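Reader: Pick one small part of this model and take me through it up close. Then work outward from there, and spell out any cut-offs as you go.

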Amino acid sequence: MGSQVAQLRAWWKEGSVYQVYPASFQDSTGSGVGDLKGIISRVDYLKDLGVDIVWLSPIFQTPQHDMGYDISDYRVVESTYGDIGDVDLLRDRLHERGMKLVLDLVMNHTSDQHEWFQESRKSKDNPYRNWYIWKPANYDADGNRCPPNNWQSHFQGSAWEYDEATDEYYLRLFCKEQPDLNWENPDVRKAAHDVMRFWLDRGVDGFRIDVINFISKDQSFPDSNQRVLRGTEYYACGPRCHEYLKDLGAILKEYDAFSVGEMPCVHDERELLKAVAADREELSMIFHFELMDIDHGADGKFSPRTWSLSELKTKVNKWQRFMYDNNGWNALYLENHDQPRAVSRFVHDEPEHREASAKLIAIFLGLQAGTPFIYQGQEIGMTNVPIGWNMDEYKDIDCLNHWNMYKDSADENTKALLKKEYQKKSRDNARTPMQWDDSPQAGFTTSSRPWMRVNDNYKQINAASQVKNPTSVFHTYRWVLEKRKEHKDVFVYGNFELVDEANDKIFAYKRVASSGEAALVVCNFSKDVVAWANTLTVKPKEVLVTSAGKTLEDVTGGQMRLGPCEAIAVLV
């Protein structure tokens, strides 16, 4: 176990975050698409859950080629969701209840409909030309036009798009409607800073910042030798990344604002630490992806890979210890709008184990060191889409682009294997409408045609039935968040120690405050009943959270008997 390190205190370390995906949360108009008034109508539900910060996926004007992550105006709210007055009202409703509002900023790229890009593509001497990354074509030995280098898009194919009007390519690391901004240009940086100030001045409490580590590219744009996602080694934490992050950090500090940066494709933990170390003043915390890549095979996300509990332990322990020992900070998440459902991915979503698994996730995640993030529906144990869904039900551009590469050429066996991976990993798993009750369309909308199909299991899994049931998944999350605050010296600022590392069914860890107060968290990730030998010499003093009604008497002997997917947290 590492030594006790004095942790700097901050309001955003003591809070918890709830992510709302606006299109799928609550429709107030019957349009079939969620909106801001729908979110406002559910503020008390979020307050009852006990979350402190509400993060909205992008709500800005967008052509919706990538569900709002293609922004055409940073100061205008997408009309499907409402208007800026609705943002102000939501801010006020949250603030009245002691909660904070965080917006999602996408500043690596814009929509191709943004006026900056519309100008940029007009001519090579347009004042906005240098706001984006334009390069002349390469030509092969036969005179065929080729992209400037071999970098790959995160949504399949080349990362370059040819634009006939000026006979050049522009860089787009995502879809062709998402051109990358050129952060080397100081005018671009100033525009990004102005957008942040615009919303902070309006009373927003901070930002989640999309792929923020992609904003600095190696300006020689060399070819890549990587097998998967070629080019990431030249921009995933580019030469000027931390310089740019320091500029953002200075603005955030001025407003005492919250920030979490999404930082995929970075494998050097020292680079990640630079972004969040307390003395560097760049970002509050980051989303790294080591846990999220645990089931990605050699050919990328949609190729299969099995993993073991020991691997999960190694990854969790690495980041818990690393951030704690170096005065950094973890963003704790197992779900978001880009990831499948945690119950289906990390534990067991069969009907007989689903509820226990969802409670396990709450206890396992929420009592680690870091700020917990709960994605909408996670608090009621929503699952991946049904196995029987046809491809025409899927909406995720990444998934569909991948399918289009194989659907006409692959054999039936290959296609069946791909469909199996899509059901496990497609981003659509997180985007089905929120399941509020057992009425038609799960209470999400009065429309008979929601923008995306509701998961078939909404009659069994919905918020209304769980709010009334004190032993539900919802209330397990509520207890976890409550105990985390009540014992913040242990669960927020305490040390982390892995216990019984060799066990292939139990994930157990200990949290210890500088005062010596300590807690033990024990999670049975298997479908078996496990008699776990409590090797710690200290006796449990109080049951803090239990997924299956355990009392102190049940755990005071030399061993704990845990049912399938059962979890418990005790003071020791």
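Author:
**A small sheet and its surroundings**

Trp-134 has its bridge partner in β10, namely Tyr-170. Bear in mind that this is a predicted model, where local features need pLDDT of at least 70 and side-chain atom pairs count only at pLDDT 80 or more, while totals for chains, interfaces and linings use all residues. Residues are numbered from 1 along each chain as its sequence is written, and side-chain values use heavy atoms, leaving out hydrogens and water.

Strand β10 covers residues 168-171 and runs antiparallel to β6, joined to it by 2 bridges (strands pair if DSSP finds at least two bridges between them). The full arrangement is an open sheet of 3 strands in the order β6-β10-β9, paired antiparallel. β6 (134-135) and β9 (160-163) are the edge strands, each with a single partner, so each has one side without a neighbour in the sheet. Strands here are DSSP runs of E, at least two residues long, and helices are runs of H or I, at least four, numbered from the N terminus.

Just before β9, have a look at Gln-156, which sits in the loop between β8 (145-146) and β9. Gln-156 has a positive phi of about 80° even though it isn't a glycine. Most residues other than glycine have a negative phi. Gln-156 counts as partly exposed because its relative accessibility is 22% (buried is under 20%, exposed over 50%, partly exposed in between, with a 1.4 Å probe and protein chains only). Cys-565 is another non-glycine with a positive phi, near 60°. Its loop lies between β21 (559-562) and β22 (567-571), and Cys-565 is buried at 0% relative accessible area.

Now the pockets. The largest holds about 1200 Å³ of space. Its lining has 46 residues, and those nearest the centre are His-154, Val-228, Leu-229, His-296 and Lys-301. A pocket is an open set of points on a 1 Å grid over the protein atoms alone, where a 1.4 Å probe fits, with protein on both sides within 12 Å along at least five of seven lines; lining residues have an atom within 4 Å of a point. Volume is the space filled by probe spheres set on points joined across faces, edges and corners. Helices α13 (397-406) and α14 (412-425) each supply at least two lining residues, and α13 gives the most, with 4.

The second largest pocket has about 930 Å³. Of its 37 lining residues, Ser-344, Arg-345, Asp-349, Gln-423 and Lys-424 are closest to the centre. Here α14 gives the most, with 7 residues, while α11 (342-346) and α12 (351-366) each supply at least two.

Helix α12 also holds Arg-354, which is buried at 14% relative accessible area. Leaving aside neighbours within four places in sequence, Arg-354 is in contact (heavy atoms within 4.5 Å) with Val-343, His-348, Asp-349, Gly-381, Thr-383, Gln-460 and Ile-461. Val-473 is 119 residues away along the chain, yet its C-alpha atom is separated from that of Arg-354 by 10.0 Å.

For one more buried charged side chain, try Asp-52, at 17% relative accessibility, in the loop between α4 (43-49) and β2 (53-56). Beyond four places in sequence, its contacts include Glu-14, Gly-15, Ser-16 and Lys-485.
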